[in-house]
Every structure is written in C-alpha cells, then in structure tokens.
Amino acid sequence: MKVVVERDGKLICESITAFDEIPRKVWLKFPDKNAYIEKEPALFDAIYNSEGVDSVNIYIEETRQRKTLPPNRNIKADGAVLDKLRALFGEENVKVVC
C-alpha cells in the first residue's frame, strides 16, 4: 500500500527566468597571446551580428590569463554562432558554461 501525504505549501518569488535566458559564458582557449591577436579579427567577425546576454571570455593557455570581452561584445550563444566559433578555433577550444 502506498500512502501520499500532501501539505499546503507556498512558493514566493519575484521573477522566474527560463533556462534559455540565463546568461552563459563562452570560453575560447588560445595557446598564447600571439595566437589570440592573430585570430581576434576573425573572432569579432564571427560574433558581429550576434546580440545577447552571454559573455565571451578568452583564456590564454601559456600564461594562464583570462579576459572577458566588454558587454558590447556579448552574444547569444546559440547553435549558429557556436558552430562558427568551433569551425574557427576548434571544437576543443570552445566551451559554454552557466
């Protein structure tokens, strides 16, 4: 026999955000600063038409430096822009995190 006990409960919140709308971070890894500088124009071309709330973060492996691009470079990390970035920089060098 299965017994289910129900209790009255309340959920109080100010707003609800869909998972699709939670800002994400797109990480791009480069072996060194020169590689980043060389590819920076291609990066900016790839993200030019993508507007959103997801930040673009650069990681320089050699020196372990991190840089977040300014908010005017934020993107919508959807399939199209991520496919462009993966084609330019390699699947292993593009990561998306929440």
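1. Two strands count as paired here if DSSP finds at least two bridges between them. Helices (H or I, at least four residues) and strands (E, at least two) are DSSP runs, numbered from the N terminus. With that in hand, strand β1 (residues 25-30) runs parallel to β2, and six bridges join them.

2. Some housekeeping before going on. This is a predicted model, where local features need pLDDT of at least 70 and side-chain atom pairs count only at pLDDT 80 or more, while totals for chains, interfaces and linings use all residues. Residues are numbered from 1 along each chain as its sequence is written, and side-chain values use heavy atoms, with hydrogens and water left out.

3. Back to the β1/β2 pairing, if you want to check the register: Trp-27 has Asn-57 as its bridge partner in β2, and Phe-30 has Ile-60. Helix α1 (residues 33-47) joins β1 and β2 in a right-handed β-α-β unit; right-handed means that, with the strands pointing away from the viewer, the path from the first strand over the helix to the second runs clockwise.

4. On its other pairing, β2 meets strand β3 (residues 65-68) in the antiparallel sense, with four bridges. Ile-58 is bridged to Lys-67 in β3. The two strands make a hairpin with four residues between them, and Arg-64 in that turn has a positive phi of about 60 degrees.

5. How are the strands ordered in the open sheet? The order is β3-β2-β1-β4, four strands with mixed pairing. β3 and β4 (94-97) are the edge strands with a single partner each, so one side of each has no neighbour in the sheet. Neighbouring strands are turned by 25 degrees against each other on average, direction ignored (axes are lines fitted to C-alpha atoms, for helices over the stretch in contact; angles run from 0 to 180 degrees between N-to-C directions).

6. Is β2 largely enclosed or open? Five of its six residues (55-60) are buried, so the rest of the structure largely encloses β2. Buried is under 20% relative accessible area, exposed over 50%, and partly exposed in between (1.4 Å probe, protein chains only).

7. Now the salt bridges (a side-chain nitrogen of Lys or Arg within 4 Å of a carboxyl oxygen of Asp or Glu): the count is two. In one, the closest N and O atoms of Lys-29 and Glu-61 are 3.8 Å apart. That pair links distant parts of the chain, 32 residues apart: Lys-29 sits in β1, Glu-61 in the loop between β2 and β3. Lys-29 is partly exposed at 30%, as is Glu-61 at 40%.

8. Arg-86 and Glu-91 also form a salt bridge, with closest N and O atoms 3.6 Å apart. Arg-86 is partly exposed at 25%, whereas Glu-91 is exposed at 53%.
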